[in-house]
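Here is a short report for a reader new to this structure. It covers salt bridges, a cavity and a surface patch.

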Amino acid sequence: MEEPEIPPTAHTLRPHHIGLLMVMVLLYRHCPRKRFHPSFLIQVHRVLLEEVVEVTPPRSFPKLLEALKAAPHSGDEGARVFFESLQPERIDFVSVDYMTNFFHGVSYLYVEHKGGEEADISRRSIFGYFCRRAVVSYMKLSFAGVSKLRVDYHEWLHGNTTVGYERMERDLITFDTLLLKTHADEYRWAEPDAYSDFERGAAIGDSNAASESLRRFFEQHFHEDSDSGVRQHALLNLSRMHYLRHEHAAAHKFLKEAIEISRLAGDEKTLQQCQSLLHRLPPKRKSQRPMINEIQPGLHPIEVLFDVEKLLRVKNEQPLSASFEKIIQAIGLYDHWIDVQGNSLDNADQWSQHAVQSVVWSAAGCEKLAAIEENIVTAFGEIGGDNNNVITVTLNRAYRRARQGGYQDAVAVLLEPNVWRGLTLSDYARWASQIWHIMVLRASRRGQLRQYNDLLKVMRPAGAFNPRDYFFNVAASATSIIRDPLYEYMQMREVGQAATAVEQLLKALWHSEFQCRYGSYRTGIVLLADVGLEFGMTKRCKRIIEEIMPQIIDGDDLEQRALACFTLARCTIASGERSQDSIREALSYLDIAEKDYATLEILQSLADVQFLISVLYHNLEMFEERDAAATRHLKTEEVMKEAAVVIAEDWVDDVWELVLDVGAALSKR
């Protein structure tokens, strides 16, 4: 498909343009440069440059003066004269003639002086282009247009930022503000305002406003061909919005139409993007495996990284080595995307592979490597940008900190303004859900079932939640071929029937070892040693758990280490036939388990460990240590009784009220 000719550029003179021209005229023509301090001049030029490039909405006149006065040495004599000349009553125009004379004087800024002297502003500099464009736009205005511009400028000087910025309808018959119309003034060419409204609607979850804004944007006059050639782009953007809102049926419908139109138009790039997004959608049949992208020209590296997410799903039964292979492919494709295909560098894409690596390393049970990758994303990623790399690693890091016992610290990290500022509604839902999960994790470990049932369960936000992750004896559908068998075994273990569920434990061990999910594998090995004690395999159980302890003892997972130390202590006592030497050896592991359970606030397990410690000290006839352990045990039981009746806590209510306020503020953008 041939690329349509780029449309001509139309320029409309706005009130703030005159204000910037006035600053330049005073700075370059009327005020001697030698009277200004160099630092003051640098800051003034920075402010002018920010306004001229127009990458942000224009400042009002009071805001512009405030930015100029914030420059260093703004109190010097030359600067005071400069600001006195910028008072509204001195730079306002009493008639159209004064404005015409002013623009005539602006033209002298970029015209060479007599005698061959250089102009004050180079014609091809940014300021030179700005001045020349403003003068040409003024020359095209009719008397009615000039009169309106003078009135709008007067209002802008007095703080009115709406007059003079209305939408210009370029009708060939009624459009009378221009006397000299060029080809660019015959039509109203496409502008980005409608697409900005679409992005805002998509961010705050207003699908109706987003769809209408998207329609208005793509109905604009992009070029002079009869066929706009942009319908597939509209459908692709609409599909993306529905995909982010998890409305997969609607996304699939629009993607199918976009693919057909892209093929008819010969738009290969859009066709590739539509097919890649279609591959992201979940399959319609549960038995159907997800589609993995093949490396080919035009495939974006991010789509290869999304294939890692598909391979990470436990139900697909793929080892983590396949995920690492895909990550390597994505890194190579990204280099080819930039170096060979000549696409522009995107920092978000560059750090995405580190965010994905952190998730894969965490799934493999290598928490320290995952933390390194997360730190890379946090250090170099953009906070509040269009991508969600930073928010993803922040949520994962906070939950890992909560699993290590730092519940309030984890919540405090997520409540930092830099974390939630600028979030889209879908990312806000994930953020609120993670805070809620941390509260539920704490309540489940402390045994606060009443708080969960009467408070937390009621205020649960939208998002994925499996109650089996926190509680026993709850109804939930099977989601994992590793966690579900482990859950079934642990639930039977709670009622003293662990021996009847050994098959479930072995199934979980096989799948976790094959898929290289060594965190779950270590937990399974500890539970295998525990059930082996019931069969009298004491020495074998001790050897099994001692082989896995070097991977656990460093404390990457305190709950896992506490369980392993508690189990190893029991295995040591049983294999040593309750000798004093075996008891003393077991006490060293029980001390670690007690400290870990106290840090994690897992009160029931802490009480069990303290009870066993007191019994062992009694057998060693160490009565002072026995009494101290018994006292700690009684205190833990008192805390358990108090926690069981607690419904609301002040800090929990305050945190959730803040979460609701953040959601309300984000939706008002």
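## Salt bridges

A salt bridge here is a side-chain nitrogen of Lys or Arg within 4 Å of a carboxyl oxygen of Asp or Glu. By this rule the count comes to 33 salt bridges. The model is a predicted one. Side chains of opposite charge can pair when their charged atoms come close. Three such pairs are described below.

## E51 and R59

E51 and R59 pair through their side chains, with 2.8 Å from N to O. How buried or exposed are the two partners? E51 has 6% relative accessibility, so it counts as buried. The cut-off for buried is under 20%. R59 has 26% relative accessibility and therefore counts as partly exposed.

Both residues also help to line a cavity, described next.

## The second largest cavity

Rolling a probe the size of a water molecule over the atoms shows where empty space is left. How many cavities of 30 Å³ or more does the structure hold? There are two. The second largest holds about 30 Å³ of space.

Which residues line this second largest cavity? They are H16, L20, E51, R59, L64 and W156. Three of these lining residues are nonpolar, one is polar and two are charged. Glu and Arg count as charged, so E51 and R59 are the charged two. Their side chains are the ones that meet in the 2.8 Å salt bridge.

## E247 and R245

R245 and E247 form another salt bridge, and their closest N and O atoms lie 3.1 Å apart. E247 has a relative accessible area of 28%, so it is partly exposed. R245 is partly exposed because its relative accessible area is 31%.

## E374, R397 and their network

In the salt bridge between E374 and R397, the closest N and O atoms are 3.9 Å apart. This pair links distant parts of the chain. E374 sits in helix α17 (residues 367–380) and R397 in helix α18 (residues 389–403), with their positions 23 residues apart in the count. Both E374 and R397 are buried.

The pair belongs to a network. Salt bridges with shared partners join E367, E374, R397 and R400.

## A nonpolar surface patch

Which residues form a nonpolar patch on the surface? L49, V53, V55 and I126 do, and together they have about 350 Å² of accessible area.

V53 is placed in helix α2 (residues 38–53). Its relative accessibility is 39%, so V53 counts as partly exposed. A patch residue needs over 30% relative accessible area, and V53 has 39%.

Methods
Residues numbered from 1 in each chain as written. Predicted model: local features only at pLDDT ≥ 70, side-chain atom pairs only at ≥ 80, totals over all residues. Heavy atoms only, no water. 1 Å grid on protein atoms, 1.4 Å probe; cavity = no way out; pocket = protein on both sides within 12 Å on 5 of 7 lines; lining within 4 Å. Points joined across faces, edges and corners; volume = space filled by probe spheres on them. Patch = residues over 30% accessible without salt bridge, like charges linked within 9 Å, V, L, I, M, F, W, Y side chains within 5 Å. Areas by Shrake-Rupley, 256 points an atom, 1.4 Å probe, with all protein chains shown as cover. Helix = DSSP H or I, 4+ residues; strand = E, 2+ residues; numbered from the N terminus. Buried < 20%, exposed > 50% of the residue type's maximum accessible area, 1.4 Å probe, protein only.
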